[in-house]
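Let's get to know this structure through a handful of questions. Have a look at it first, and then we can work through the answers together.

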Amino acid sequence: MINAAAAKRPRMSKLEKRNTLIAYSFLAPNLIGFALITMVPVIFSIMLGFLKWNGGALNTITWAGLDNFRELFKRFDFTRNDLGVTLKNTVFYALFTVPLSIACSLTLALALNKAARAAKAFRVIFFFPYVASMVAVCVCWNFMLMKLGPVNQLLAHVGINVNVSWTQSRAYAIWAIIIVSVWRNAGYYMVMYLAGLQGVPAELYEAATVDGATAWQKFRKITLPMLTPTTFFVSIMLTIGCFKIFDVVQIMTEGGPGRATKMLVNYIYQLSFTELKYGQASAVAMALFLIVLAVTLVQFTIEKKWVNYM
Amino acid sequence: MQSILPDNASKIKHTKKAAPLKIIGSIILHAALIALSIVALLPFFWMISSSLKLDNEVFRYPMRWLPTVYHWENYRVIWTRVTLGTYFRNTAIVAVTVTFMQILTSSFAAYAFAKMRFRGRDTLFLAYVATIAVPWQVYMVPQFIMMRKAGLYDTLWALIVLQSFSAFGVFLMRQFYLGIPNDLNEAARIDGLSEYGIWARIILPLAAPAVATLCIFTFVTTWNDYMGPLIYLTKDENKTIQVGLRRFIQQYTSDYHLIMAASLVSLVPVGAVFLFLQRYFIEGIATTGIKG
């Protein structure tokens, strides 16, 4: 065994062994906790996808093979099937929330980077929505988006008449979720972009100014390319965050009206905690995980094409 | 390519022209920032205003931005309806412990990932990053079963154990550490400092802004956690503020003014911590940033 391993790869030198040992001592406190609390349950839930279990005694677990997946994809479509509907809703939500959040946070960061006066105060203000507790904020937005709430009354002033409570309307409910999400995300990712902007060397702008570049040219040719590592990080975090959306929906609409705002994770929650179909819940969870993984991998593979590291 | 003289001349002309434009630009910029601030703060303003109204005054047509009579007693009434004080204490215990644990374990583990070479590093890091992508809801059921077996159900320990070891913290700290030049490590190693010494004396102090960032993010996340307490805590004396507030909302559905008052009160501690820490937070980001 030892010989075979040694033959495969070069033996570790004494120093290397010592280094590895020290490295693992750094990792240990986090790794042990993380393995027990997160990795083991993750593996357990993957196994659950192939089992049939309603949460009763362990000996009631039976092997289901691919039944859970077959059940889910039986009569799969985007209008009637629960998985299809929640998948469609989540993708729709992500498709608008990710770009809108990036646009808003980048705009805020650029404006703040330029503003000398009271920049600190503005930073605090824009970041505050992210800090504020979800339940408080969501219930407040719920009230604000009611039929006679301030948002509809303000919109009426500019000639847009919305005579419904947003969260109770099939057409508007998902937009309520998107608005609250973008409003919350903007300040958070603004901080990431501000950090990124600080890393852009001032010499580049000075050189461009000497060369007579316009502000737009500087933005296109210096700021955006230099910010690509930040944008890469932000877009990955945002996409993952969007697919994990749950709290806002649960507090504001509980997936309704009907299934208009029901997201993948709400469906998982429903399957596991109200219907006690752990196997099926895990099957959906795995589908969700694979989607998120695929998105991330695609972003990583195209990373080299558009991300510039200094 | 061009002679120095005309180039200089055009530069002077350019700056002269730009001066008034710059002032106008600055005014527009600040006006836009103020407008955006109003959008960001509107819900909080409305929350405060509604919390001082009577319930039938909250939704009125045409609306009033300010109460006609200020009902400060709303803030007294909410404390008598539910045990807000207990909720606050529980949340503080969990949030402070989790923040401390996360910073300690994350900054420690990130050092190995960013500054050391060892077998299995990249595989292990990939496993970490991959689990960030796994929504907690995916594995919350097996996790719940394990925690119940460990006898942690309906205790604050469940929430502490649940959130103390995050992959995100390690990821964030590693990204910061990567921006710190490796020359520092090399020099310190030559000077005979152990890896633990380098972590404690060089890397961690340099990463103070990252620690502040992680600190505020963790504290906020833990304070705002809703699903965790919802699943794990049943006894009222164990509840945290988020589920406590939710209970309040469900119990007094149409007392809009009281709901807004309780919501506002639930924001105060996290808002205060944020205002207190944001200085370090923003200064830290200004000096190092994500890439260092």
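A polar contact is a pair of N or O atoms within 3.5 Å; within protein, one of the two must be able to donate a hydrogen and the other to accept it. Keep in mind as you read that this is a predicted model.

Q: How many residue pairs are in polar contact between chain A and chain B?
A: Counting here takes pairs in which both residues have pLDDT 80 or more. Between chain A and chain B, the number of residue pairs in polar contact is 12.

Q: Which helix of chain A gives the most residues to the side that touches chain B?
A: Let's look at which element contributes to this side of chain A. The leading contributor supplies 23 residues and spans residues 14-48. That element is helix α2 of chain A.

Q: How many residues of the side of chain A that touches chain B are nonpolar?
A: Sorting this side by class puts 13 residues in the polar group and eight in the charged group. The nonpolar residues of this side number 68.

Q: Which side chains meet in a salt bridge between chain A and chain B?
A: The count of salt bridges between these two chains is one. Its N to O distance is 3.2 Å, and a salt bridge needs the nitrogen within 4 Å of the oxygen, so this pair qualifies. The partners are A:E254 and B:R246.

Q: What area do chain A and chain B bury between them?
A: The contact draws 89 residues from chain A and 94 residues from chain B. Carbon and sulfur atoms account for 79% of the buried area. The total is about 8600 Å².

Q: Which three residues supply more of the area that chain A buries against chain B than any other three?
A: Together, this trio provides 9% of the area that chain A buries against chain B. Its members are A:F26, A:N30 and A:F143.

Q: Which helix has the lowest mean pLDDT among the elements of chain A?
A: Chain A as a whole has a mean pLDDT of 83, with 92% of its residues at 70 or more. At the high end of its elements is helix α4 (residues 82-114), with a mean of 91. Where pLDDT is low, the predicted coordinates should not be read in detail. The lowest mean, 48, belongs to helix α1 (residues 2-8) of chain A.

Q: How far apart, in Å, are the centres of domain 1 and domain 2 of chain A?
A: Chain A is divided into domain 1 (13-68) and domain 2 (71-306). Taken over C-alpha atoms, the separation of their centres is 30 Å.

Q: What area do domain 1 and domain 2 of chain A bury between them?
A: On the domain 1 side, A:W53, A:N54 and A:N68 lose the most area, together 50% of what that side buries. For the whole interface, carbon and sulfur atoms make up 62% of the buried area. The total is about 770 Å².

Q: Which residues of domain 1 of chain B lose the most area to domain 2 of chain B?
A: Domain 1 (4-51) and domain 2 (74-287) are the two domains assigned in chain B, and their C-alpha centres lie 36 Å apart. Six residues of domain 1 touch eight residues of domain 2, and the area buried is about 550 Å². Three residues together give 78% of what the domain 1 side buries: B:M47, B:S50 and B:S51.

Methods:
Residues numbered from 1 in each chain as written. Chains lettered and ligands numbered in written order. Heavy atoms only, no water. Contact = heavy atoms within 4.5 Å. Buried area = accessible area lost by both parts, 1.4 Å probe. Polar contact = N/O pair within 3.5 Å; in protein donor to acceptor, adjacent residues only side chain to side chain. Helix = DSSP H or I, 4+ residues; strand = E, 2+ residues; numbered from the N terminus. Nonpolar A, V, L, I, M, F, W, Y, C, P; charged D, E, K, R; others polar. pLDDT = per-residue confidence, 0-100. Domains from an automatic or database assignment.
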